[in-house]
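Student: I have a chain open on screen and no idea where to begin. Can we go through it piece by piece?

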Amino acid sequence: ARRAFTAIVHTSLCVTTSTMARRRDAWATAAAWVRQHGGRVDGVGFDDETSGVRAQSDLAEGALVLRVPLHLCVTSREARASPVGSQALAAATASSELSSSADDLVLAFHLAADTEIGSSFHAPYYATLPQPGAADDPRAMMPRCWPDAEVETLLRGSPAADEARRSAASVRSDYELITKQPGQWPSFERFDWALAMVSSRCFTL
């Protein structure tokens, strides 16, 4: 228990410093990007205390504070139309052994590939996401992503240990089933991160 508590405190300290600064800068860049493309960000800003967005002053009832044009959103439709997304969809449709839904896998492969190139149109949005391997990478809170030794130490005697192992194996299996088809596929590490992003965000309107 002490080891787990120490790890959590250490992560929180990291998020409070460099990671928080990155999030703040990314928010400012993304807000400017939204305005540049006809959207609106007014009266709200990044809040270090909550690591989220909050009103910067009293807001009138019914006030419009945020409007994001649809073409700035990353959606399932866009993912299916992308080169890697269409390849993933074809591979997923042809397989009956996948653990995740085809829609989630297509989104994850699209997100993984689009963030790897570094020059995506959606780069300002992607920069607001927790980055792979950073202190705020959500996989640190997902037992399926923990090393075997950590699963054994922290979850021993719990059904969650077996579930973590099954989940990890399922993600790896889904990736291998899709990528055995010819194509330009992102790395497993990037795909694994992207799948975590998909599971924590809305991509369907």
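Student: Let's start with a single residue. What does aspartate 47 touch, not counting residues up to four places away in sequence?

Tutor: Leaving out residues up to four places away in sequence, aspartate 47 touches Gly52 and Arg54. Keep in mind that this is a predicted model.

Student: Where is aspartate 47 found?

Tutor: Aspartate 47 is in strand β2, which covers residues 44-47.

Student: Buried or exposed, that aspartate 47?

Tutor: Buried, because its relative accessible area is 11% and the cut-off for buried is under 20%.

Student: OK, zooming out. How many helices and strands are in the chain?

Tutor: The chain has eight helices and four strands. Along the sequence the pattern is α-β-β-β-β-α-α-α-α-α-α-α.

Student: And what percentage of the residues is buried?

Tutor: Of the 205 residues in the chain, 36% are buried. As for contacts between residues at least 6 apart in sequence, 66% join residues at least 24 apart.

Student: Now the helices. How many residues of α8 are buried?

Tutor: 10 of its 12 residues are buried, so α8 is mostly covered. Among them are Phe188, Phe191, Trp193, Leu195 and Met197. The buried set also includes Arg190 and Asp192.

Student: What covers them?

Tutor: The cover over the buried residues of α8 includes α4 and α7.

Student: Take α4 then. At what angle do the axes of α4 and α8 cross?

Tutor: Roughly 120°, and the axes come within 8 Å. Here α4 is residues 102-117 and α8 is residues 188-199. The two helices are therefore oblique to each other, and their crossing is right-handed.

Student: Which residues meet there?

Tutor: On the α4 side they include Leu105, Ala108, Phe109 and Ala112. On the α8 side they include Arg190, Trp193, Ala194 and Met197. By class, the contact of α4 with α8 has 12 nonpolar residues, one polar and three charged.

Student: And α7 with α8, what is the angle?

Tutor: About 120°, with the axes of α7 and α8 11 Å apart. That makes α7 oblique to α8. The crossing of α7 and α8 is right-handed.

Student: Who makes that contact?

Tutor: Val171, Arg172 and Tyr175 come from α7, while Phe188, Phe191, Asp192 and Leu195 come from α8. Those residues divide into five nonpolar, no polar and two charged.

Student: Let me check a length. How far apart are the end C-alpha atoms of α7?

Tutor: They are 31 Å apart. Helix α7 has 21 residues, 159-179, which should span 30 Å at 1.5 Å a residue, so the two values agree.

Student: My calculator gives a bit more if I multiply. Why 30 Å?

Tutor: Because the expected span is 1.5 Å times one less than the number of residues. For α8, with 12 residues, the expected span is 16 Å and the end C-alpha atoms are 16 Å apart, which agrees.

Student: Which residues of α7 are buried?

Tutor: Ala161, Ala164, Val171, Asp174, Tyr175, Leu177 and Ile178. What covers them includes α3, α4, α6 and α8.

Student: You haven't said anything about α6 and α7. How do their axes cross?

Tutor: The axes of α6 and α7 come within 9 Å and cross at roughly 160°. That makes α6 roughly antiparallel to α7, since angles over 145 degrees count that way. The crossing of α6 and α7 is right-handed.

Student: And which residues make the contact?

Tutor: Val151, Glu152 and Leu155 of α6, with Ala160, Ala161, Ala164 and Arg165 of α7. By class, the contact has five nonpolar, no polar and two charged residues.

Student: Two loose ends. Where does serine 95 lie?

Tutor: Serine 95 is in the loop between α3 and α4. Its relative accessible area is 23%, so serine 95 is partly exposed. Serine 95 and aspartate 174 are 79 residues apart in sequence, but 9.7 Å apart in space, C-alpha to C-alpha.

Student: And arginine 201, where does that lie?

Tutor: Arginine 201 is in the segment after α8. With a relative accessible area of 32%, arginine 201 is partly exposed. Not counting residues up to four places away in sequence, arginine 201 touches Tyr125, Leu129 and Pro130.

Methods:
Residues are numbered from 1 along each chain as its sequence is written. This is a predicted model: local features need pLDDT of at least 70, side-chain atom pairs count only at pLDDT 80 or more; totals for chains, interfaces and linings use all residues. Side-chain values use heavy atoms; hydrogens and water are left out. Axes are lines fitted to C-alpha atoms, for helices over the stretch in contact, and angles run from 0 to 180 degrees between N-to-C directions. Angles under 35 degrees count as roughly parallel, over 145 as roughly antiparallel, 65 to 115 as roughly perpendicular and the rest as oblique. A crossing is left-handed if the near helix is turned anticlockwise from the far one by less than a right angle, and right-handed if clockwise. Contact means heavy atoms within 4.5 Å. Ala, Val, Leu, Ile, Met, Phe, Trp, Tyr, Cys and Pro count as nonpolar, Asp, Glu, Lys and Arg as charged, and the others, Gly among them, as polar. Buried means under 20% relative accessible area, exposed over 50%, partly exposed in between (1.4 Å probe, protein chains only).
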